[in-house]
Amino acid sequence: MRGTSLQARLFISYVILVGIVIGVIAIGIVLSLTSSPILYRTITQRLRLASDVVALQLEDQPLVTLDSVYSYLYTVSAQTQLRVGLLTREEVILFDSGISLYPAFPDLDVPEERLSGYDLPVHTFRDEKGGVWFYTTKLLKGGYLVIVMATQRPEQVLRTIFREELGVTTVIAGFIAIVLALIFSFAMANWISKPLERLVAGAQSVASGKHNPLPLKGPREVRMLSQAFNDMSSRVFASQQSQKDFVTNVSHELKTPITSIQGYAQAILDGTVLGEESIEQAATIIFNEANRMHGMVMDLLTLAKLETGIADMQMSLLDLRVLLDHLLERFTVLAHQNQIELVSNYSNLAPVMGDGEQILRVFTNLLENALKYTPAGGRISVSALQSGNWIVVQFSDTGPGIPVEDRERIFERFYQVDASRRGGLSHGVGLGLAIAREIVLSHGGMIRVESELGKGSIFSVELPVCSEVSTVNG
Ligand code: ADP
């Protein structure tokens, strides 16, 4: 059974089941017929009654000749379906209605006295062919002659009935029943195994690289399995896609600086760039591009560490106000140069537990982005407040805003809303927000963006207040 298909197993099980049911029913019928007490009582009554009637007939209206006696006994036998015999007291057989069909009577129990009705004992004998018979013997008046009434045992009667009357019908009916059972078993096995076969075919096509979702058809369990399989395969495909995108993005982002470095280095080597000033310019470009590459590689490493949870976090109690003061101090000049108004709005804040450097990195990235995307004359506001057990830090700007469809995606690796918008050597590669999100998540916090196109964006970072300290203080 190990290598057999599910369909074959189901088919075999149904056939066995149908076989068992038919067998049990047949055995039940035979047993109930053969061992039925009613049947035995009927036989006994028939034998006794027939003996009494024949005895009365022979005693009250004696038939004149032996021939007329024998013909009367034949008639009785034909009408009662019993084997009728006439013996002398010494058991000499004078007449036997069944002599042409069955072996002769063996030694029979002959009664000592004339009994009638219910007193008549019923005996059995076995003939030479092994047939078992029930019989009664009744002594006639005068004590010379004995009437024998015999009938075969019920199962033999049944066998005869089957052989002679029901045989062919039973065989045909049995044959039809078996054929129907086989067809039914096959259909049932098919019905159950077909949806699974479809599932297997679907799974094989997915395994061979095609991304066709399995149809949600068939029984509930199969539909649930298909659904689970579809979910799993779309995740696998998404992860494969993200890996491919990652490699494409990394190669793409490295190609530009490498080409640029190669070009300028080549120009210096083959003397195309002449003069100290030009060489210095070329060297500066090489240096900047190399720096950019270095920055990107470091960002990728950081992201990988954060994503796999192996980033080295230096956790301590942080006063976010101090961090924000430090941040604003660093960027005030730049904002001023870009003619952007930088305002702040926060007071004392409950401490949070975190890695100061990493949190500062998040804030720096958000403020840098705000500065990068806010045009001259714009306004950036940095605010922080406590809301329940959370400290919410917000960076709002009056930049171009972010289209709805990009709002969730900007936190993905390498995702940039509009690549043409980034300009100059300082442009990023779309890793900043991905890193920021991982850092915030690893602090048990959340980062989200609200934005209105043409009006600006608000980036909010929510970090949990350190509960131990807040309860001590509170
Ligand atoms: P990048 O290095 O491109 O700045 P980020 O991950 O920091 O990468 O940001 C991803 C993208 O989100 C940016 O390319 C930009 O399109 C969009 N974005 C981020 N901050 C802002 C903002 N304040 N205003 C408008 N768009 C923004």
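In which handedness of crossing does H6 pass H10? In this predicted model, H6 passes H10 in a left-handed crossing. A good way to picture two packed helices is through the angle between their axes and the distance between the axes. Here, helix H6 spans residues 276-308 and helix H10 spans residues 432-442; their axes come within 10 Å and cross at roughly 30°. Angles under 35 degrees count as roughly parallel, and H6 and H10 are therefore roughly parallel to each other. On the H6 side, the meeting residues are Asp-299, Thr-302, Leu-303, Leu-306 and Glu-307, while H10 brings Ala-434, Ile-435, Glu-438, Ile-439 and Ser-442. By character, the residues of this contact between H6 and H10 divide into five nonpolar, two polar and three charged.

Attention now turns to the sheet. Strands of a sheet pair through backbone hydrogen bonds, either parallel or antiparallel. In this model, five strands form an open sheet with antiparallel pairing, and reading across the sheet gives the order E2-E1-E5-E4-E3. Strand E2 (93-96) and strand E3 (123-126) are the edge strands, each pairing on one side only. On average, neighbouring strands of the sheet are turned by 30° against each other, direction ignored. Within the sheet, strand E1 (residues 83-88) is joined to strand E5 (residues 145-152) by six bridges in the antiparallel sense, and Val-84 can be found opposite Met-149 in E5.

Helices also meet this sheet. Helix H2 (residues 37-60) packs on it, touching strand E4 (132-139) and E5, and the direction of H2 makes about 35° with that of E4. Helix H3 (residues 66-80), in turn, lies across E1, E2 and E5 and runs at about 150° to E1.

Notes. Residues numbered from 1 in each chain as written. Predicted model: local features only at pLDDT ≥ 70, side-chain atom pairs only at ≥ 80, totals over all residues. Heavy atoms only, no water. Pairing = 2+ DSSP bridges. Helix = DSSP H or I, 4+ residues; strand = E, 2+ residues; numbered from the N terminus. Axes fitted to C-alpha atoms, helices over the stretch in contact; angles between N-to-C directions. Contact = heavy atoms within 4.5 Å. Parallel < 35°, antiparallel > 145°, perpendicular 65-115°, else oblique. Left-handed = near helix turned anticlockwise from the far one by under 90°. Nonpolar A, V, L, I, M, F, W, Y, C, P; charged D, E, K, R; others polar.
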